[in-house]
Amino acid sequence: MRINKFISHNTNYSRREADELLKAGKVSINGRVVSDLSTEVKDSDKVRIGSRLIKLKKEFSMIVYNKQKGELVTKKDDRGRKTIYDTLPRGFSKFISVGRLDYASEGLLLLTDAPAIAQALMDSDIEREYYLKIKGEITEQVINAMREGFFAKDATKGAHAKTKQISMEFKPFLAYKIISQSGGYTRLKVIINEGQNRELRRFFGYFDLEVMDLKRVSFGRVSLDQLGSGKWRYFTNSEYDDLRDFLKQNGIRY
């Protein structure tokens with residue numbers, strides 16, 4: 001494991017902060033100061049920041065947050081807009097989100113103090129369930145796309161204005177259910193198992209359908225249930241057990 005990743009996994013420093021500590025000559029491995037950002041570390045190595053020994057993190061915390069519309073999933077915003085960390089208690093300021101929900105979206109967001117776990121969950125094919133309100137009607141063409149998936153050379157409708165990702169591969173939805181269609185709007189539930197950037201907004205945008213409301217209600221077996229908007233909770237014991245099984249099966253060190 002690279003030294004900056006080792007530091008971020010086992011302390012509250014980010015990888016960028018770890019890089020700065022290395023450049024400043026404040027990191028040592030087995031008594032030798034290192035500054036090379038590509039230095040590899042073994043679990044048996046004694047890594048120090050100054051005189052403080054970094055201990056391998058054996059425990060971790062996970063929380064579920066019900067994100068509100070109009071919040072950004074970021075630490076800071078140069079335009080002064082509200083972030084999830086403005087709502088969450090200060091003790092969670094170093095927690096990392098498992099993926100993101102965009103400014104206009106709401107619902108279930110997982111956060112953890114273990115970067116390796118956050119990355120593993122982001123990269124996983126665990127099911128994500130959403131409720132959507134779409135402007136327009138779901139045609140047979142859209143239904144076929146949900147069933148079969150497709151590749152879009154231009155998937156910028158529904159994307160952020162400054163996106164650099166033009167094309168996108170959409171996998172088949174695991175499930176979908178049209179709840180209602182009336183007044184020019186469609187409400188539906190969908191289940192997918194990936195979390196590409198604004199994936200659902202881009203998917204429907206490709207068919208000139210605008211996502212008006214988007215709410216994530218579950219991630220795997222973790223559900224919002226009765227958690228209110230802007231509220232948070234720790235994982236339950238059974239949710240921690242499920243996560244530890246996932247980490248063990250996938251050989252994730254944290």
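Trainee: At what angle do helix H4 and helix H7 pack, and what does that make of their orientation to each other?

Mentor: To read a helix pair, one fits axes to C-alpha atoms, for helices over the stretch in contact, and takes the angle between N-to-C directions, from 0 to 180 degrees; angles under 35 degrees count as roughly parallel, over 145 as roughly antiparallel, 65 to 115 as roughly perpendicular and the rest as oblique. In this predicted model, helix H4 (residues 115–123) and helix H7 (residues 237–249) pack at about 80°, their axes 11 Å apart, and the two helices are therefore roughly perpendicular. Ile117, Ala120 and Leu121 of H4 make the contact (heavy atoms within 4.5 Å) with Leu243, Phe246 and Leu247 of H7, and by class this gives six nonpolar, no polar and no charged residues. For these classes, Ala, Val, Leu, Ile, Met, Phe, Trp, Tyr, Cys and Pro are nonpolar, Asp, Glu, Lys and Arg are charged, and the others, Gly among them, are polar.

Trainee: Before going on, which numbering and which limits apply to the model?

Mentor: Residues are numbered from 1 along each chain as its sequence is written, and side-chain values use heavy atoms, with hydrogens and water left out. The model being predicted, local features need pLDDT of at least 70 and side-chain atom pairs count only at pLDDT 80 or more, while totals for chains, interfaces and linings use all residues.

Trainee: How many helices and strands does the chain have, and what part of its residues is buried?

Mentor: Helices (H or I, at least four residues) and strands (E, at least two) are DSSP runs, numbered from the N terminus, and the chain has seven helices and 15 strands. Buried means under 20% relative accessible area, exposed over 50% and partly exposed in between, with a 1.4 Å probe and protein chains only; of the 254 residues, 45% count as buried. The C-alpha atoms fill a box of roughly 70 × 40 × 40 Å along the principal axes, and of the contacts in the chain with a separation of 6 or more, 65% come from residues 24 or more positions apart.

Trainee: What do the angle and the residue classes show for H1 and H2?

Mentor: Helix H1 (residues 3–10) and helix H2 (residues 15–23) pack at about 120°, with axes 8 Å apart, which means that H1 is oblique to H2. On the H1 side, Ile3, Asn4, Lys5, Ile7, Ser8 and His9 meet Arg15, Ala18, Asp19 and Leu22 of H2, and the residues of this contact divide into four nonpolar, three polar and three charged.

Trainee: Why can H6 be called largely enclosed by the rest of the structure?

Mentor: Seven of the eight residues of helix H6 (residues 199–206) are buried, so the helix is largely enclosed; those buried are Glu199, Leu200, Arg201, Arg202, Phe203, Phe204 and Gly205. Among the elements that they pack against are helix H5 (140–148), strand E8 (128–135) and strand E12 (185–192).

Trainee: Thr186 is in strand E12; is its side chain buried or exposed, and which polar partners does Thr186 have?

Mentor: Thr186 is buried, at 0% relative accessibility. A polar contact is a pair of N or O atoms within 3.5 Å, where within protein one must be able to donate a hydrogen and the other to accept it, and residues adjacent in sequence count only if both atoms are side-chain atoms. A polar side-chain atom of Thr186 lies 2.7 Å from the backbone oxygen of Gly136, and the side chains of Thr186 and Gln181 are joined by a polar contact of 3.0 Å.

Trainee: What is the case for Arg233 and for Arg79?

Mentor: Arg233, in strand E15 (residues 232–234), is buried at a relative accessible area of 19%, and its side chain makes a polar contact of 2.9 Å with that of Glu239. Arg79, in the loop between strand E5 (62–67) and helix H3 (84–87), is exposed at 63%.

Trainee: Which residues have a positive phi?

Mentor: Most residues other than glycine have a negative phi. Among the residues with a positive value here, Asn30 has about 50°, in the loop between strand E1 (27–29) and strand E2 (32–33). Asp208 takes about 60° just after H6, and Asp225 has a phi near 50°, in the loop between strand E14 (222–223) and E15, where Asp225 is exposed with a relative accessible area of 59%.
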